[in-house]
Amino acid sequence: MRFMLLFSRQGKLRLQKWYVPLSDPQKKKISREVIQMVLARKPKMCSFLEWRDLKIVYKRYASLYFCCAVEDQENELITLEIIHRYVELLDKYFGSVCELDIIFNFEKAYYILDEFILGGEAQETSKKIVLKAIEQADMLQEVGPIYFMKAFSARWAI
Amino acid sequence: MPAPIRLRELIRTIRTARTQAEEREMIQKECAAIRSSFREEDNTYRCRNVAKLLYMHMLGYPAHFGQLECLKLIASQKFTDKRIGYLGAMLLLDERQDVHLLMTNCIKNDLNHSTQYVQGLALCTLGCMGSSEMCRDLAGEVEKLLKTSNSYLRKKAALCAVHVIRKVPELMEMFLPATKNLLSEKNHGVLHTSVVLLTEMCERSPDMLTHFRKNEKLVPQLVRILKNLIMSGYSPEHDVSGISDPFLQVRILRLLRILGKSDDDSSEAMNDILAQVATNTETSKNVGNAILYETVLTIMDIKSESGLRVLAINILGRFLLNNDKNIRYVALTSLLKTVQTDHNAVQRHRSTIVDCLKDLDVSIKRRAMELSFALVNGNNIRGMMKELLYFLDSCDPEFKADCASGVFLAAEKYAPSKRWHIDTIMRVLTTAGSYVRDDSVPNLIQLITNSVEMHAYTVQRLYKALLDDISQQPLVQVASWCIGEYGDLLVSGQCEEEEPIQVTEDEVLDVLEGLLVSNLSTPVTRGYSLTAIMKLSTRFSSVNRIKKVVSIYGSSIDVELQQRAVEYNALFKKYDHMRPALLERMPIMEKTATNGPTEIVQTNGETESSDSKHMPSIAQPANQANDLLDLLGGHDVGPVIQTALPTKPASAGGELLDLLGDLSLSGGPAPSPTPSVTISQPPFLLDGLSSQPLFNDTAAGIPPMTAYNKNGLKIEFTFERSNPNPNISVITIHASNTTEADMTDFVFQAAVPKTFQLQLLSPSSNVVPALNQGNITQVIRVLNPQKQQLRMRIKLTYTYKGAPVQDLAEVNNFPPQSWQ
């Protein structure tokens, strides 16, 4: 995966994860283009678009579009599954997730994404394990300085 | 200083802004507060401030002043700080900023942290945005973690290694030992990321690929894992709609594809498992189809047995019938990839593919169109063309150009009859005329000249099309050219193919003049119509009207038109005796490979007495002849001059190509009513504005020579030099026959090296009478601007006593005076 964008139906960006190095103006330009293209699609159209040398795979969940740009040799259908898995994770974590959850807790959305995907590839295929890891990490935030964490990890190591 | 507001609070506040300006104001205020907070080096609230900054950055506002703060957060001991700090680094920093290198040390420390979640953060950040320098510095740490028994870290390290390898390919070797027992892991996360790592290594390095195939015996291991996934019962942790870990299955299939490509042993080892996956996977949900899709891709790419390939194509065929658009889309994409190699199998699904042309989705339509063109062949051309023309009518403009080109190509290759071909072209021109590519106009004209018996029909249909619509320029250009050429056929009502229409000369001229004045016509089109009008002066009787039109445009603002008109005027006035010759019917143009830009050519049918400026549009059809050049080994060959009439030259030229290598060619003409040698002709090519008779004085004293003397056939060359242009030699050949039988169907052809140019005029006859009772004469004009030694290759064909005879010869004994 090269990048993933989450945006509303009005074109407002809710999350952007880039797995390739690009400057800020470049990222802005690309986001604008891709968002425009995807928003122009009619509901009956297929979920795949060709754009430059990449394939854009997108799916709308309620008021949010989830959009991934993958390379030519990637399997588009499994990318749809990856998107779905991410939505499931968010849903489990927030409990019936909606756009507002992602707006007000964007940093958590990033944490969950980073626990599922690393460098553009899925790192864990088990929902349970991903959610457990997030849970543990969240608990670490509650605890004080790190020297308490040793005891913690000993008990909760996965 | 009051505590900075919380993140959620800020988000809530900003969302209440009703206008962009209001939002900007709030943001600026908060940014100022954050900046001063940063200046105070406040540790407590740094995390909160950076989080707010990240939110504002996502809205599109600049946040670079927070970059250093992210680094400070990363260095902090609090987990919360580190989490936000690393997130900020991934969002705000990238390898373009020097600042990012400061992270390296922090990441190094964190990679060795006692808490796996901190190590995880470091691995994640490195794996997402590590620059080459960082990767070089930290590769060792990553490699260490790749060997740990902690699966949480191992899987992250594997993907981090992938990133390192992408950034610094030389480091790939370093990770090789660690990959040894990656696949013996039980943990799916590790398995998945390991397969990704192995895939990356195999894709990048053929040596690695061979190593993994042979030494590590990767294929059996992967087959075993895949088999377990399929055969094992329900596993709640990895189940997706009844399928066990589809992500891992797909990844394994992809790695198998790479391992099996061009390798018989590996391909054979995976045959069974592929067949198993292909037949047993549940297809009711997207997951199942995702796996099948990957399986099909793998089967097609490796050296699979034919049964398996047929299975794969059938799966794709089933996909085409699926209700889900996405599935249809991937099916079309895959079929497009395989249509070359498994053509027959794909043909079976042709009707489904053609149905996809009617789909609403643009991507599907495009795929279906490309695939349809790939499937057209001699058997299905009529049916396919009907569908494709219907598609052309109704498709979006973005498709029309490609579709039109595709139709032309297919029609050319497989047209069942000339009439069908012309009808198809007409259909395209009238429905998608403005989208047709520029080079189609000369191609079409060339095609039309070739279909001699259809000329009347073609010009009639084009004329009728013009009456309807003059807005589509390619159609108008082709139509005006045809009317110019075949206007006499149009007026005389000679059409056989359909009911001839009654058209008067005046009506035709009205139409052409209409094109000249219309706002819809481009300058190029106007040029075409003016020339067409001029050509009609030899075909129609209303010459005065034409003269008037031509003289009016002599003062046109358009320089191109003006020039043409002036020259045509000159034709009427000073050179009226040359007009018939110049404006006579164009010869058939040789069709060769698609042409690049060619040099200017002069043909008997359309010479102008002036320079080459307006040659391009008129000479374009003629330039088709020059396409012979492209086939001659890409040499920079000089232009071809053809003076031939229909039938013979077409084949003659083709044969010459084979035999005469890199020499430029001249076709041998059949006898024709073209003017004989003694009529003075305009100067050769780019030769100045004046046109003086060439054959003033024969250059005194150039001795004749015998060029060929064999089997009773003797060919003598006599020379003349043209006065105005000393670079031109005029050679007259005299062919005589000493045997007792006539040589009939005699054709003389010549070719010269590339620095020369050659023009062959018509011979006096094509029979060389026996026993020297007469001879054939023919004039050759050779342009020799570089004054090089003249040499020539000649080819003679004739029928002698009922048998065809053919001979090639080199002529090298030209007297120096003939070319110096």
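**Contacts of Q123(A) and internal cavities**

Leaving aside neighbours within four places in sequence, Q123(A) is in contact (heavy atoms within 4.5 Å) with D114(A), E115(A), F116(A), I117(A) and L118(A), and, across the chains, with K155(B), K156(B), L159(B), G189(B) and T193(B). The model is predicted, so that local features need pLDDT of at least 70 and side-chain atom pairs count only at pLDDT 80 or more, whereas totals for chains, interfaces and linings use all residues. Residues are numbered from 1 along each chain as its sequence is written, chains are lettered from A and ligands numbered from 1 in the order in which they are written, and side-chain values use heavy atoms, with hydrogens and water left out.

Q123(A) is placed in the loop between β7 and α5 of chain A, where helices (H or I, at least four residues) and strands (E, at least two) are DSSP runs numbered from the N terminus. With a relative accessible area of 0%, Q123(A) counts as buried (under 20% relative accessible area, with a 1.4 Å probe and protein chains only). Its side chain reaches the backbone oxygen of D114(A) at 2.8 Å and that of E115(A) at 3.4 Å.

Cavities were sought on a 1 Å grid over the protein atoms alone, as sets of points where a 1.4 Å probe fits but cannot get out, with lining residues having an atom within 4 Å of a point; grid points are joined across faces, edges and corners, and a volume is the space filled by probe spheres set on the points. By this rule there are 15 cavities of 30 Å³ or more.

The largest cavity has a volume of about 200 Å³, and of its 17 lining residues E74(A), I78(A), I82(A), E121(A) and R251(B) are the closest to its centre. At least two lining residues each come from α2 (76-94) and β7 (121-122) of chain A and from α13 (246-260) of chain B, and α13(B) gives the largest share, 4 residues. By class, this lining has 8 nonpolar, 4 polar and 5 charged residues (Ala, Val, Leu, Ile, Met, Phe, Trp, Tyr, Cys and Pro count as nonpolar, Asp, Glu, Lys and Arg as charged, and the others, Gly among them, as polar).

The second largest cavity holds about 160 Å³ of space and is lined by 17 residues, of which Y111(A), D114(A), E115(A), R83(B) and L121(B) lie nearest its centre. Two or more lining residues are given by each of α4 (106-116) and α5 (127-142) of chain A and α5 (79-92), α7 (116-129) and α9 (151-167) of chain B. This lining divides into 11 nonpolar, 2 polar and 4 charged residues.

How values were computed: On a 1 Å grid over the protein atoms alone, a cavity is a set of points where a 1.4 Å probe fits but cannot get out, and a pocket is an open set with protein on both sides within 12 Å along at least five of seven lines; lining residues have an atom within 4 Å of a point. Buried means under 20% relative accessible area, exposed over 50%, partly exposed in between (1.4 Å probe, protein chains only). A polar contact is a pair of N or O atoms within 3.5 Å; within protein, one must be able to donate a hydrogen and the other to accept it, and residues adjacent in sequence count only if both atoms are side-chain atoms.
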